[in-house]
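Visitor: Pick one part of this predicted model and take me through it closely, please. I'd like to see how it sits in its surroundings.

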Amino acid sequence: MMPASPVLDALDRRLLDDFQRDFPLTFSPFAVVADRLGTTEADVIARLDRLRTLGVIDRVGAAFRPNVAGVSTLAAMAVPEDRLAEVAARVNSHPEVNHNYEREHRLNLWFVVAAHARTRLDAVLGAIADETGLEVIELPLVESYHVDLGFPLSWN
């Protein structure tokens, strides 16, 4: 049985729809968002925290083209099925890991690592290999494609 979807009210949907792109880059961005939505900064922050807790969103943050601010790489691992949850949690424990996902492939766990410098990125990849006892395979960027990660939640 699928878990019930979280109930989002109209303001939640506007918050998610209207600010996937062009988030205000100011000293008090949540106050600007609140003003545009006709609510308070505290309400915006509380809603985002609730949406994160519910698993609707993972984070609020900038997305940059690869290797524009620091360095990043895609990596993959061949993880025994019975260790997948444990290894994914270990990978996610590193703040430099943006996300990971399971793939239907021998290399079944893929993840993106971003760091301020190549030496730090290498240290994170090495730590993951040491902590899990599994090989980490780096998949360097060969050709860049723009993938728009924004999508509307409201269709009317």
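Guide: One cut-off before we start: a residue is buried under 20% relative accessible area, exposed over 50% and partly exposed in between, using a 1.4 Å probe and protein chains only. By that rule Thr-132 is buried, because its relative accessibility is 6%. Let's make Thr-132 our way in. This is a predicted model, so local features need pLDDT of at least 70 and side-chain atom pairs count only at pLDDT 80 or more, while totals for chains, interfaces and linings use all residues. Numbering runs from 1 along each chain as its sequence is written, and side-chain values use heavy atoms, with hydrogens and water left out.

First, some context. The protein chain has 5 helices and 4 strands (DSSP runs, H or I of at least four residues for helices and E of at least two for strands, numbered from the N terminus). Along the sequence the order is α-α-α-β-α-β-β-α-β. Of the 156 residues in the chain, 29% are buried. Take contacts (heavy atoms within 4.5 Å) between residues at least 6 apart in sequence: 60% of them join residues at least 24 apart.

Now to our residue. Thr-132 belongs to helix H5, which covers residues 118–132. Its side chain reaches the backbone nitrogen of Leu-134 at 3.2 Å. Setting aside residues up to four places away in sequence, Thr-132 touches Met-77, Arg-83, Val-87 and Arg-90. After H5 comes Gly-133, with a positive phi near 75 degrees.

Step back to the whole of H5. Its 15 residues should span 21 Å at 1.5 Å a residue, and the end C-alpha atoms are indeed 21 Å apart, so the two agree (the expected span is 1.5 Å times one less than the number of residues). Which residues of H5 are buried? They are Leu-121, Val-124, Leu-125, Ile-128 and Thr-132. Looking down the helix axis, these fall within an arc of 95 degrees, so they line one face of H5 (the arc is taken from the directions from the helix axis to the C-beta atoms). An α-helix has 3.6 residues a turn, so residues three or four places apart point the same way. On the face of H5 turned away from the buried side you'll find the exposed residues Thr-119 and Asp-130. The buried residues of H5 pack against S1, H4, S2, S3 and strand S4 (137–139).

H4 deserves its own look, since Val-87 is among the residues touching Thr-132. In helix H4 (residues 84–92), the buried set is Leu-84, Val-87, Ala-88 and Val-91. Down the axis of H4 they sit within an arc of 100 degrees, so they too line one face of their helix. What do they pack against? Strand S1 (71–77), strand S2 (97–102), strand S3 (109–115) and H5.

These elements share a core. The largest nonpolar core holds 18 residues, and Met-77, Val-91, Leu-109, Phe-111 and Ile-128 have the most contacts inside it (such a core is a set of buried Ala, Val, Leu, Ile, Met, Phe, Trp, Tyr and Cys residues joined through side-chain atoms within 4.5 Å). S1, H4, S3 and H5 each supply at least two of its residues. Apart from it lies another core of 13 residues, including Leu-15, Leu-16, Val-44 and Ile-57. Back in the largest core, follow Met-77: leaving aside neighbours within four places in sequence, its contacts include Val-87, Val-91, Leu-109, Phe-111, Ile-128 and Thr-132.

Last stop is Asn-100, in strand S2. Its side chain makes a polar contact at 2.8 Å with the side chain of Asn-92 (a pair of N or O atoms within 3.5 Å; within protein, one must be able to donate a hydrogen and the other to accept it, and residues adjacent in sequence count only if both atoms are side-chain atoms). A polar atom of the Asn-100 side chain also lies 3.3 Å from the backbone oxygen of Ala-88, and Ala-88 is one of the buried residues of H4. Not counting neighbours within four places in sequence, Asn-100 is in contact with Ala-88, Val-91, Asn-92, Leu-109, Trp-110 and Phe-111. Among those, Val-91, Leu-109 and Phe-111 are listed with the most contacts inside the largest nonpolar core.
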